[in-house]
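Visitor: I would like a close look at one part of this structure. Please take me through its charged pairs, step by step.

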Amino acid sequence: MKKYLSIILISGFLMIFQSCSSQKGADPQAVGMLVGSQDFSFHAQRANPTNYDVINVMTSLPNAPATRILDLSGSNYSVDLRKGQLDMALPYFGRVFNPSYGNTTQSGYRLTSKDFTVNTSQNKKGKWIVKIKVNDQSTVDEIIMEIYKNGKAFTSVRSNDRQPISYDGYITKNEAEKPQP
C-alpha cells in the first residue's frame, strides 16, 4: 500500500512541476491593458466542479477518466466581456437545485446580458480580480475572474440554483465584430 501511495505522490509532483515549467504567457502590460479596457474573452481549458459526488461518479466511469471529461481545451467555451454586453457559454458539472426537465438548453451556462456591473482591482503582486455582477439573469449571480500577469485566468461562477463551479483558462483580446448584412 505504501508503495502505491509513494508512486502516486511522485507522479503527482512530476505533473505539477511539468505544468509549472511549461507555462508561457502574455506580456504583463498587454494583460493590464486588456483588463483595464474591460473588452476581453476568457477561454476555458478545464472545468473544476466542487461537488465530490460528481467527481466520484466521473472517476467511476469505465474507460472515461474524469480528466478527459473535464478537459475543455479543444472546445470553444468562453466568457466574452465587451462594452455593454456579456456573452457566456460554459459547461456545467454539478448539482442543479431547480432543474427544468426536458429543457436541454439550460444544461450549461449559456447567456447574453446587457445589464451587468464590472468591478476590477489589482493586488500588490499584479493579479487582477474582475467581479461581474449580472442583474438581468435569473441563473447566474456573479462571475469572479482572477487574472494573472501572464494571461492565465481562474474563473468561478456563483449561481442562484446550482452549486459553484470554477474554470481554468486564459484571456485574449476580443475579435472585432463583423457587421451583419
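Guide: Here is a walk through the salt bridges, with a short stop at a serine afterwards. Keep in mind that this model is predicted.

Start with the general idea. Side chains of opposite charge can pair when their charged atoms come close. In this model the count comes to five salt bridges.

Take E146 and K127. These two form a salt bridge, and their closest N and O atoms are 3.4 Å apart. Now place them on the chain. E146 lies in strand 7, which covers residues 140-147. K127 sits in the loop between strand 5 (116-122) and strand 6 (128-134). The partners are 19 residues apart in sequence, so the pair ties together separate parts of the chain. How open are they? E146 has a relative accessible area of 22%, so it counts as partly exposed. K127 is also at 22% relative accessibility, and is partly exposed too.

Move on to E142 and R158. Their side chains meet in a salt bridge, at 3.1 Å from N to O. This pair links distant parts of the chain. E142 is in strand 7, while R158 is in strand 8 (residues 152-159). The two are 16 residues apart. Their surroundings differ in label. E142 is buried, because its relative accessible area is 13% and the cut-off for buried is under 20%. R158 has 43%, which makes it partly exposed.

E142 and R158 do not stand alone. They belong to a network of salt bridges that also links K133 and D141.

Next come R162 and D161. This pair forms a salt bridge as well, with the closest N and O atoms 3.7 Å apart. Both R162 and D161 are buried.

Now the serine. S41 is placed in strand 1, which spans residues 40-49. Its relative accessibility is 5%, so S41 counts as buried. What does its side chain meet? One polar contact goes to the side chain of D80, at 2.6 Å. Another joins the side chains of S41 and N174, at 2.2 Å. Leave aside residues up to four places away in sequence, and S41 touches V79, D80, Y170, I171, T172 and N174. So D80 and N174 appear twice in this picture: as polar partners of the S41 side chain, and in the list of residues that S41 touches.

Terms used:
Residues numbered from 1 in each chain as written. Predicted model: local features only at pLDDT ≥ 70, side-chain atom pairs only at ≥ 80, totals over all residues. Heavy atoms only, no water. Helix = DSSP H or I, 4+ residues; strand = E, 2+ residues; numbered from the N terminus. Buried < 20%, exposed > 50% of the residue type's maximum accessible area, 1.4 Å probe, protein only. Polar contact = N/O pair within 3.5 Å; in protein donor to acceptor, adjacent residues only side chain to side chain. Contact = heavy atoms within 4.5 Å. Salt bridge = Lys/Arg side-chain N within 4 Å of Asp/Glu carboxyl O.
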